[in-house]
Amino acid sequence: MSHPVRAARRRIQTEWQSVVRGVDDCADRVADPWDTSRTTNPDRVVAPLRAGLEEAGLLDGLASLLADAVAAADCELPASPVPAPPYVTVTSRGPVLRATIDPGRLVVRLEAFEVVRTPVPAYRRLDGVDVYVSLE
C-alpha cells in the first residue's frame, strides 16, 4: 500500500466516521423494505440510496471527505470536488469518490451492499460499510 493510500485511509478512519455512519444508516433504510435479505433490482438500491444521502446532506459531506483524503495524501486537487460525477458517484454497492492527483487516481469506495452473482445476480446489504482506498 502506498503512502498516499495509507494517509487517506487513516484520515477517513479518524476524522470521517460520522459520514461513514451516515452512509450506513441510509443503506439500512434502503434495505429495510425488502421482502428478503436481497434484491435483484439495482433500481431498489441506487436511486433510494442517492436520495437518502442527498436528504441527509451526506453528498456534500462525501465531497468534503474526498477533498480531505486528498489533502491527507499530501496532494492537491485542481478544483474543489462537487457532490456529483466524476467526484462523487452512487453505485449499487455504495458511494464511490474519485480524484485525479499527481500519482494517479485516488478512489474511495464506501461499500454498503455486495453483488451476489449466483444463481441470479442480486444485491445484499452488508453488515456495516466497508471503506476501500486505492490509487489507480
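A7 is found in helix α1 of this predicted model, and with a relative accessible area of 9% this alanine is buried, since burial here means a value under 20%. If residues up to four places away in sequence are set aside, A7 touches A72 and A73. The path from A7 to V30 covers 23 residues along the chain, and the C-alpha atoms of these two residues are separated by 31 Å.

From this buried position in helix α1 we can turn to the nonpolar interior. The largest nonpolar core has 40 residues, and those with the most contacts inside it are I12, L53, L62, L97 and F113. The helices that give two or more residues to this core are α1 (3-15), α2 (17-31), α3 (46-55) and α4 (58-72), while the strands that do so are β2 (88-90), β3 (95-101), β4 (104-116) and β5 (122-135). Among these elements, α4 gives the most, with eight residues.

L53 offers a view of how such a core residue is surrounded. Leaving out residues up to four places away in sequence, L53 touches V23, C26, L58, L59, L62, V90 and P95; one of these partners, L62, is itself listed with L53 among the residues with the most contacts inside the core.

Another buried residue lies outside the helices and strands. S92 is found in the loop between β2 and β3, and its relative accessible area of 18% places it in the buried class, because that class takes in values under 20%. With residues up to four places away in sequence left out, S92 touches V45, V46, F113 and Y123, and of these partners F113 is one of the residues with the most contacts inside the largest nonpolar core.

The charged side chains add another set of links. Side chains of opposite charge can pair when their charged atoms come close. In this model the count comes to five salt bridges. In one of them the side chains of D68 and R11 meet, with an N to O distance of 2.6 Å, and this pair links distant parts of the chain, with D68 in helix α4 and R11 in helix α1, 57 residues apart. R11 has a relative accessibility of 28% and therefore counts as partly exposed.

A second salt bridge joins R125 to D28, the closest N and O atoms being 2.9 Å apart. R125 lies in strand β5 and D28 in helix α2, so this pair ties together parts that are 97 residues apart in sequence. How does the accessibility of R125 read, buried or exposed? R125 is buried, with a relative accessible area of 15%, whereas D28 is partly exposed at 39%. The pairing does not stand alone, for D24, D28 and R125 are linked in a network of salt bridges.

Strand β5 also takes part in a salt bridge through R124, whose side chain meets that of E114 at an N to O distance of 2.5 Å. Here the linked parts of the chain are strand β5, which holds R124, and strand β4, which holds E114, with the two residues 10 residues apart. R124 is partly exposed, with a relative accessible area of 27%, and E114, at 26% relative accessibility, also counts as partly exposed. Strands β4 and β5, joined by this pair, are both among the elements that give two or more residues to the largest nonpolar core.

How values were computed: Residues numbered from 1 in each chain as written. Predicted model: local features only at pLDDT ≥ 70, side-chain atom pairs only at ≥ 80, totals over all residues. Heavy atoms only, no water. Core = buried A, V, L, I, M, F, W, Y, C linked by side-chain atoms within 4.5 Å. Buried < 20%, exposed > 50% of the residue type's maximum accessible area, 1.4 Å probe, protein only. Helix = DSSP H or I, 4+ residues; strand = E, 2+ residues; numbered from the N terminus. Contact = heavy atoms within 4.5 Å. Salt bridge = Lys/Arg side-chain N within 4 Å of Asp/Glu carboxyl O.
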